[in-house]
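Here are a few exercises to work through with the model open in your viewer. Try each task before you read its solution.

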Amino acid sequence: MQEKLLKYFQRIMPLSQEEIAAIVETMEIKHYKKGTVLLREGQISSEAYFVLDGCVRQYYLVNGEEKTNNFFTEEQWVVSI
């Protein structure tokens, strides 16, 4: 998974060995089970996510019913502003 992220950055711009080392040292790869909620209504986000594998669904609630408004798939950033 680490290689997938490095390849993504290297497609944007070439990376020096020092930059690669800095990314590797600071990245934290987490695995979430299907159905995991990353952010609940009313919470303030302090994280940014990068989808290496799988899909993240963004939704909002209307009268208690989930309304999907976005999907994030591989090589996409997930950020709540």
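**Exercise 1. Find the residue whose side chain meets that of Glu65 in a salt bridge, and classify the exposure of both partners.**

Solution. This is a predicted model, so keep in mind that the numbers are computed from predicted coordinates.
- Step 1: Look around the Glu65 side chain; its partner is Lys67, at 3.4 Å from N to O.
- Step 2: Check that against the 4 Å cut-off for a salt bridge. The 3.4 Å pair makes the list.
- Step 3: Glu65 has 46% relative accessibility, so it goes down as partly exposed.
- Step 4: Lys67 gets the label partly exposed too, because its value is 31%.

**Exercise 2. How many salt bridges does the structure hold, and which one links distant parts of the chain, with partners 70 residues apart?**

Solution.
- Step 1: The count comes to five.
- Step 2: One of them joins the side chains of Glu74 and Lys4, at 3.6 Å from N to O. This pair spans 70 residues, tying the loop between β3 and β4, home of Glu74, to helix α1, where Lys4 sits.
- Step 3: Now the exposure. Glu74 is partly exposed because its relative accessible area is 38%, and Lys4 is partly exposed because it has 30%.
- Step 4: Another of the salt bridges pairs Glu66 with Arg57, and here the closest N and O atoms are 2.5 Å apart. With 42% relative accessible area, Glu66 is partly exposed; Arg57, at 34%, is partly exposed as well.

**Exercise 3. Which residues line the largest pocket nearest its centre, and which element gives the largest share of the lining?**

Solution.
- Step 1: Start with the volume, which is about 1,600 Å³.
- Step 2: The lining counts 47 residues, and those nearest the centre are Tyr32, Leu38, Tyr49, Val56 and Val78.
- Step 3: Sort the lining by element. At least two residues come from each of α1 (2–12), α2, β1, β2 (55–62), β3 (65–73) and β4 (77–79). The largest share belongs to β2, with seven residues.
- Step 4: Sort by class and you get 26 nonpolar, 11 polar and 10 charged residues.

**Exercise 4. Where is Val37 found, and which residues form a nonpolar surface patch with it?**

Solution.
- Step 1: Locate Val37 in the loop between α2 (17–26) and β1 (48–50).
- Step 2: Its label is partly exposed, because its relative accessibility is 33%. Patch members need over 30%.
- Step 3: The patch partners are Tyr59 and Leu61, and the three residues together offer about 220 Å² of accessible area.

**Exercise 5. Is Ser46 buried or exposed, and how far is its C-alpha atom from that of Val79?**

Solution.
- Step 1: Ser46 belongs to the loop between α2 and β1.
- Step 2: Its relative accessibility is 67%, so Ser46 is exposed.
- Step 3: Along the chain, Ser46 and Val79 are 33 residues apart, yet their C-alpha atoms are separated by 9.0 Å.
- Step 4: Repeat the routine for His31, which is also placed in the loop between α2 and β1. At 65% relative accessibility, His31 is exposed. Its C-alpha atom lies 9.4 Å from that of Asp53, 22 residues away along the chain.

Notes: Residues are numbered from 1 along each chain as its sequence is written. This is a predicted model: local features need pLDDT of at least 70, side-chain atom pairs count only at pLDDT 80 or more; totals for chains, interfaces and linings use all residues. Side-chain values use heavy atoms; hydrogens and water are left out. Patches are made of residues with over 30% relative accessible area and no salt bridge: like charges are joined within 9 Å, nonpolar side chains (Val, Leu, Ile, Met, Phe, Trp, Tyr) within 5 Å. Accessible areas come from the Shrake-Rupley method with a 1.4 Å probe; for residues, only the protein chains shown count as cover. Helices (H or I, at least four residues) and strands (E, at least two) are DSSP runs, numbered from the N terminus. Buried means under 20% relative accessible area, exposed over 50%, partly exposed in between (1.4 Å probe, protein chains only). On a 1 Å grid over the protein atoms alone, a cavity is a set of points where a 1.4 Å probe fits but cannot get out, and a pocket is an open set with protein on both sides within 12 Å along at least five of seven lines; lining residues have an atom within 4 Å of a point. Grid points are joined across faces, edges and corners, and a volume is the space filled by probe spheres set on the points. Ala, Val, Leu, Ile, Met, Phe, Trp, Tyr, Cys and Pro count as nonpolar, Asp, Glu, Lys and Arg as charged, and the others, Gly among them, as polar.
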